[in-house]
Amino acid sequence: MDKTLNIIGGGMAGSEAAWQAANAGLKVVIHEMRPKVETFAHRTGNLGEMVCSNSFRSDDHEQNAVGLLHWEMMQADGLIMHTAHKHRLPAGGALAVDRDPFAESVTAALKAHSNISVSYEEITALPESGNWIIATGPLTSGALAEAIQAETSAEALAFFDAIAPIVYHESINMDVAWMQSRYDKGETEAERTAYLNCPMTKAQYEAFIDALLDAEKTEFKEGETAGYFDGCLPIEVMAERGRETLRFGPMKPVGLTNAHDPQNKPYAVVQLRRDNALGTLYNIVGFQTKMKYGAQKAVFKMIPGLEDAEFARLGGIHRNTFINSPTLLDDQMRLRSRPNIRFAGQITGVEGYVESAAMGLLAGRMAVAEMTGRSLAPVPNTTAMGALVTHITGGAEAKTFQPMNVNFGLFPPLDGVKSGRRGRKERYKAYTDRAKADWQAWLGQTMLDAAE
Ligand SMILES: Cc1cc2nc3c(=O)[nH]c(=O)nc-3n(C[C@H](O)[C@H](O)[C@H](O)COP(=O)(O)OP(=O)(O)OC[C@H]3O[C@@H](n4cnc5c(N)ncnc54)[C@H](O)[C@@H]3O)c2cc1C
């Protein structure tokens, strides 16, 4: 059997996958198109280049899901996290790094590894045979994206994300909101009550439109084209087209009766839809936006029922190549139609340096297990790694799948801990304690398997 693992893309995910696989004894070839072929965001030919911010976000592994992901990657000897800590800059509770020395260090470590070689070339077609991981990221080159699209269908590969804000269900005031699908459509009770509705009076709607128009927005970066305009306009752009546009679009009040006040017809209704199988997260339907994060919080908290909303993620629209992982990948991150190919990193529909590197770490380990004929226990969904991979390969709604950051809403709820804002500190500590124990057990199990 060919024991070479080929990885396309030497970014966050590809670098981490290569490191994990090479340390486990596999020969690895990283195929990286830079510096021969450039992207609009990368500046160097380094592996593991950070394209924008120099932060890996919170390093708090007790109270923050991304900090927990850092911790889990450190436990698994992750190259990206260990190198980040080596080049750390003062940034309060965040893990910020000196970006060029960081990427130079990642590159040097990979090139010095006796099991790794780097081939500087663009891969333009899907490989027919051998073991491959595609980790080409949000700026996957055009030729490869076309090849992926030919294999998976046009709908299954997106070139822009259109992220609506996601709210923790427990932070929504259900004394104001109610569950109902428009015109009570659906065969089952669950379908007839699939949407969570927040009503607005005329005065509330007018104030909301004013706030949308006034809010600070982010601009597209140079090189990003605004191709999102077909079909997923930011809500503030819809509002700019006319004050009533939203009331005839995502906020139309028709087919809905306020369960708390059936006699009064709402002037507008904001709808939220379940975002994960656990039912802990709800996205605000049609509310993709380019508003700045601070502005989003202020504006969305004006929605009745969301005054105390806590956001698992805020909205955005970016140039971003990603596949519909829930339909295309199996739980081992393999392309169902071509199981010799795994996907990893941002192209799988996770978002951010840390999440992308994390999915590279898992894909690398999964490839090792398969190529050496060992079984790998499923990653527990109580860990940050497991919660994320479970979400993209099945937990997320496939029809509305959009990139996801790691957050506690992806974790199975814990019995016996306080819900709500007051219990948050204790609850997050309980989540991270459980995750750490389960991650260590999984890593131990993996090592036992390897020793057999
Ligand atoms: C403009 C922009 C700004 C961003 N800002 C942030 C931020 O501030 N913070 C954050 O956490 N995340 C940010 N992201 C997301 C970030 O890029 C990803 O989270 C992370 O880099 C993804 O890691 P990855 O390994 O999946 O992809 P990348 O790190 O992009 O690595 C993919 C690699 O594949 C190579 N490649 C592409 N196609 C081919 C091919 N056909 N053949 C060979 N090689 C190929 C690329 O050159 C690249 O090196 C940003 C993304 C963009 C586009």
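This is a short selection tour of a predicted model.

**Stop 1: the annotated loop.** Select Gly 9, Gly 10, Gly 11, Met 12, Ala 13 and Gly 14. An unreviewed UniProt entry lists these residues under "binding site". Now narrow the selection to Gly 11. It sits in the loop between β1 (4-8) and α1 (12-23). Gly 11 counts as buried because it has 34 C-beta neighbours inside 10 Å, and the cut-off is 20 or more. Leaving out residues up to four places away in sequence, show what Gly 11 touches: Gly 48, Glu 49, Ala 135, Gly 137 and Gly 345.

**Stop 2: Met 12.** Step into helix α1, where Met 12 is found. Met 12 is buried too, with 32 other C-beta atoms within 10 Å. Beyond four places in sequence, its contacts are Gly 48, Ile 80, Gly 345, Tyr 353, Ser 356, Ala 357 and Gly 360.

**Stop 3: the core.** The largest nonpolar core has 128 residues. Pick Val 167 and Leu 388, which touch the most other members. Then colour helix α11 (residues 353-371), the top contributor to this core with 11 residues. Domain 1 (4-161 + 320-451) and domain 2 (166-314) each supply at least three residues to this core. Zoom in on Leu 388. Apart from neighbours within four places in sequence, Leu 388 contacts Val 350, Glu 355, Ala 358, Met 359, Val 406 and Leu 410.

**Stop 4: Arg 338.** Draw a C-alpha to C-alpha distance from Val 406 to Arg 338: 27 Å, with their positions 68 residues apart in sequence. Arg 338 belongs to strand β17 (residues 338-343). Is Arg 338 buried or partly exposed? Arg 338 is partly exposed, because 15 C-beta neighbours lie inside 10 Å. Past four places in sequence, Arg 338 touches Leu 126 and Glu 151.

How values were computed. Residues are numbered from 1 along each chain as its sequence is written. This is a predicted model: local features need pLDDT of at least 70, side-chain atom pairs count only at pLDDT 80 or more; totals for chains, interfaces and linings use all residues. A nonpolar core is a set of buried Ala, Val, Leu, Ile, Met, Phe, Trp, Tyr and Cys residues joined through C-beta atoms within 7 Å. A residue is buried if 20 or more other C-beta atoms lie within 10 Å of its own, exposed if 12 or fewer, and partly exposed in between; C-beta atoms are placed from the backbone. Helices (H or I, at least four residues) and strands (E, at least two) are DSSP runs, numbered from the N terminus. Domain bounds come from an automatic or database domain assignment. Two residues are in contact if their C-beta atoms, placed from the backbone, lie within 7 Å. UniProt positions are given in the numbering used here, feature names are shortened, and annotations may be inferred rather than shown by experiment.
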